[in-house]
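Work through the exercises below with the sequence and the model side by side. Try each task before reading its solution.

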Amino acid sequence: MSIITKTWTEDKIRAIIRKLDEKTGLNGAALPIAFNCYGESLGYYRYVEPKAFGFNRKFFNGYFTSEAEVIDVIRHEYAHYYVDAAHLERYIGHSRRETSHGADWRWACKMVGADPSRCHDAAAFIDRDWTVEEATAAYNADDVVNFDILSYLNRWHQIPADAETASKRLTHIKERIPDSYYEAGDEVLHPKRGFGTVVDAIPHDYWTQRLYIRFEDRSDGVFDAKDIFKIVDGVAIPYGTVRR
Ligand SMILES: [Zn+2]
């Protein structure tokens, strides 16, 4: 039984999708939604044109269907849409043995708060008795992190490392080669582009960061820290230099 929505409609589903869009910067709410009865299938996202969402009206409005289940089904399909809209398969390995529920889809699930299991597991929702506050939070996607995936990919051409990996890598660099560790505001020298300032830095691999740099001539770009000199006390320090 639902706490807030007694009867699900296409509009109400679209409102849930719009709330997710507000967090992801995507535009899933613009897609058509087929809200019919589709036998066993609870929902789908159609990758091919015309792209669309589809949801099972009978399941959504079933007496034993909880709000938590409905919202998870919407988020599950939204995660498929997310993979498609962001072309996540270009950034996250997707082995050929995997169906549409590969590593890229699981990553998207994490970003939109969907349960990353391929098949809906009703048992997992049995003890999820939401209070009105919890249900409202889920409707509003309060638990979904605000992250503009397309601008991030556009700038960095990689997906962000998870927080734990990121902090491990940064600590590693900071401790071993502090003069090659970057933060926003650091002054740098690129052999061809000249002097510039770090606008943003992200961990790249175990030893380096990627730097978004604005140069004195107002041009900008993303570079591997290995190709950059850091200006420390007025001196240009090559990557990997350890002071003695
Ligand atoms: Zn699926």
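**Exercise 1. Locate Arg 218 and Asp 233, and state for each whether the residue is buried or exposed.**

Step 1. Arg 218 sits in the loop between strand 6 and strand 7. Helices (H or I, at least four residues) and strands (E, at least two) are DSSP runs, numbered from the N terminus.

Step 2. Read the backbone. Arg 218 is not a glycine, yet its phi is positive, about 75 degrees.

Step 3. Arg 218 counts as exposed, at 71% relative accessibility. Buried means under 20% relative accessible area, exposed over 50%, and partly exposed in between (1.4 Å probe, protein chains only).

Step 4. Asp 233 belongs to the loop between strand 8 (229-232) and strand 9. Its phi is positive too, near 50 degrees, and Asp 233 is a residue other than glycine. With 70% relative accessibility, Asp 233 counts as exposed.

A note on the source: this is a predicted model, in which local features need pLDDT of at least 70 and side-chain atom pairs count only at pLDDT 80 or more, while totals for chains, interfaces and linings use all residues. Residues are numbered from 1 along each chain as its sequence is written, and side-chain values use heavy atoms, with hydrogens and water left out.

**Exercise 2. Work out the strand order of the open sheet, and find which helix packs on the sheet.**

Step 1. The open sheet has 6 strands, in the order 7-6-5-4-8-9, with antiparallel pairing. Two strands pair if DSSP finds at least two bridges between them.

Step 2. Strand 7 (220-224) and strand 9 (235-237) are the edges, each pairing on one side only. From one strand to the next, the twist averages 40 degrees.

Step 3. Take one pair inside the sheet. Strand 5 (residues 194-203) and strand 6 (residues 209-215) run antiparallel and are joined by 7 bridges. Pro 203 has Gln 209 as its bridge partner in strand 6.

Step 4. Helix 6 packs on the sheet and touches strand 5, strand 6 and strand 7. Its direction makes about 130 degrees with that of strand 5. Contact means heavy atoms within 4.5 Å. Axes are lines fitted to C-alpha atoms, for helices over the stretch in contact, and angles run from 0 to 180 degrees between N-to-C directions.

**Exercise 3. Describe the surroundings of strand 3 (residues 52-56).**

Step 1. Of the 5 residues of strand 3, 5 are buried, so the strand is largely enclosed by the rest of the structure.

Step 2. Sort the side chains. Ala 52, Gly 54 and Asn 56 point one way, Phe 53 and Phe 55 the other way.

Step 3. Find the neighbours. Strand 1 (residues 33-36) runs parallel to strand 3, with 4 bridges. Phe 53 is the bridge partner of Ile 33. Strand 2 (residues 43-46) is antiparallel to strand 3, also over 4 bridges. Here Ala 52 is the bridge partner of Arg 46.

Step 4. Check the turn. Strand 2 and strand 3 form a hairpin with 5 residues between them. Pro 50 lies in this loop, and the peptide bond from Glu 49 to Pro 50 is cis, with omega near -10 degrees.

**Exercise 4. Identify the protein donors of the zinc ion, then examine His 101.**

Step 1. The donors are His 76 (NE2), His 80 (NE2) and His 101 (NE2), at 2.0 to 2.1 Å from the ion. Donors are N, O and S atoms within 2.8 Å of the metal (3.2 Å for Na, K and Ca); water is not among the atoms, so sites may look incomplete.

Step 2. The spacing in sequence is H-x3-H-x20-H. His 80 lies in helix 3 and His 101 in the loop between helix 3 and helix 4, so the pair ties together parts that are 21 residues apart in sequence.

Step 3. His 101 is buried, at 18% relative accessible area. Among the residues it touches are Arg 106 and Arg 118.

**Exercise 5. How many residues of helix 4 are buried, and what do they pack against?**

Step 1. In helix 4, 7 of the 10 residues are buried, so the helix is largely enclosed by the rest of the structure. Trp 105 and Trp 107 are among them.

Step 2. The buried residues pack against helix 1 (10-24), helix 3 and helix 6 (149-156).

Step 3. Gly 113 follows helix 4, with a positive phi near 65 degrees.

Terms used:
Lists of a residue's contacts leave out its neighbours within four places in sequence.
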